[in-house]
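Q: Got a minute to go through this model with me? I'd like to start with what a term means.

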Amino acid sequence: MKLKLSKLLILLVLLVSSAFTFTSCQTQEQVSDKKIAIDSMYVSKAISGDFAHTLNASDVFIIAMPIEAKYIINEYKLKKLNDCTYFNDDGIVVIITGVGGKLVKDTLSKYYFRTSGVKFFNVGLCGSNVLDIGTVHEVSGTMKIESKDAPSKISDTGVVCYSADKFVTETTIKEPCVFDMELAYIKEIFPNVISHKIVSDKLKREEYENFEADKSWSEYFKIIDSKLSKGK
């Protein structure tokens, strides 16, 4: 009897733990191997094919975590399509990929994108070596932290974002920069992505865990609204 109770307790713990862990989208559409099509609102010839859904978009936000995406969902009053996809009638779409290169690639492979006539954005929390916590920064380029190549250019201004597969807690880089876990992988898929990062910590987990993000997100929306094709 005690053994059965122990097994049941372990199962309950695992179920509760999994409820708070975002891995990847598991929806009926993906089980049937049908992709979600993201089409342009401004290109007259619509994409064709057998898709689970087709969303007409002008601005697509590629976001790593639900706790980041919720600000965009609330700001632009987006409706839920599935756990990873939110949209509104103004052409704004949010796709939540999960954290890390593998999840970014796996999640985005479940969509078919028309890139002509659509803008792609990335924003999220990041660590920094010297930049102040709470500040919002445009990203000038990105690269995987282990790469020896030069950063892949995103903008003429801003700071470099280094993407790692784990939380960065130390660096020897001296110039101001930021660290995340997804942008370099997103840039490989969407070369024209526009990215901003919100500094949540100076490479310390406790700072990240205690970061209050509301004011920083308000500042981000002031910056990004003028860059949207459609907006609110």
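A: Sure. A polar contact is a pair of N or O atoms within 3.5 Å; within protein, one must be able to donate a hydrogen and the other to accept it. Keep in mind that this is a predicted model.

Q: OK. Which side chain makes a polar contact with the side chain of aspartate 180?
A: That of lysine 197, at 2.9 Å.

Q: And which backbone nitrogen lies 3.0 Å from a polar atom of the aspartate 180 side chain?
A: The one of leucine 183.

Q: Is aspartate 180 buried or exposed?
A: Buried. Its relative accessible area is 4%, and the cut-off for buried is under 20%.

Q: Where does aspartate 180 lie?
A: In strand 12, which covers residues 177–180.

Q: What is aspartate 180 in contact with, leaving aside neighbours within four places in sequence?
A: Leu125, Cys161, Tyr162, Ser163, Ala164 and Lys197.

Q: Switching to helix 4. Which residues are buried there?
A: Gly101, Leu103, Val104, Thr107 and Leu108, in a helix that runs over residues 101–108.

Q: What do they pack against?
A: Three strands and a helix: strand 3 (59–63), strand 6 (92–96), strand 7 (111–113) and helix 5 (183–189).

Q: What about confidence: what pLDDT does the chain average?
A: The average is 87, and 84% of the residues score at least 70.

Q: Where does pLDDT stay under 50?
A: Over residues 1–23, with eleven contacts beyond four places in sequence. Residues 26–31 also stay under 50, and there the model has eight such contacts.

Notes. Residues are numbered from 1 along each chain as its sequence is written. This is a predicted model: local features need pLDDT of at least 70, side-chain atom pairs count only at pLDDT 80 or more; totals for chains, interfaces and linings use all residues. Side-chain values use heavy atoms; hydrogens and water are left out. pLDDT is the predictor's confidence in each residue, from 0 to 100. Contact means heavy atoms within 4.5 Å. Helices (H or I, at least four residues) and strands (E, at least two) are DSSP runs, numbered from the N terminus. Buried means under 20% relative accessible area, exposed over 50%, partly exposed in between (1.4 Å probe, protein chains only).
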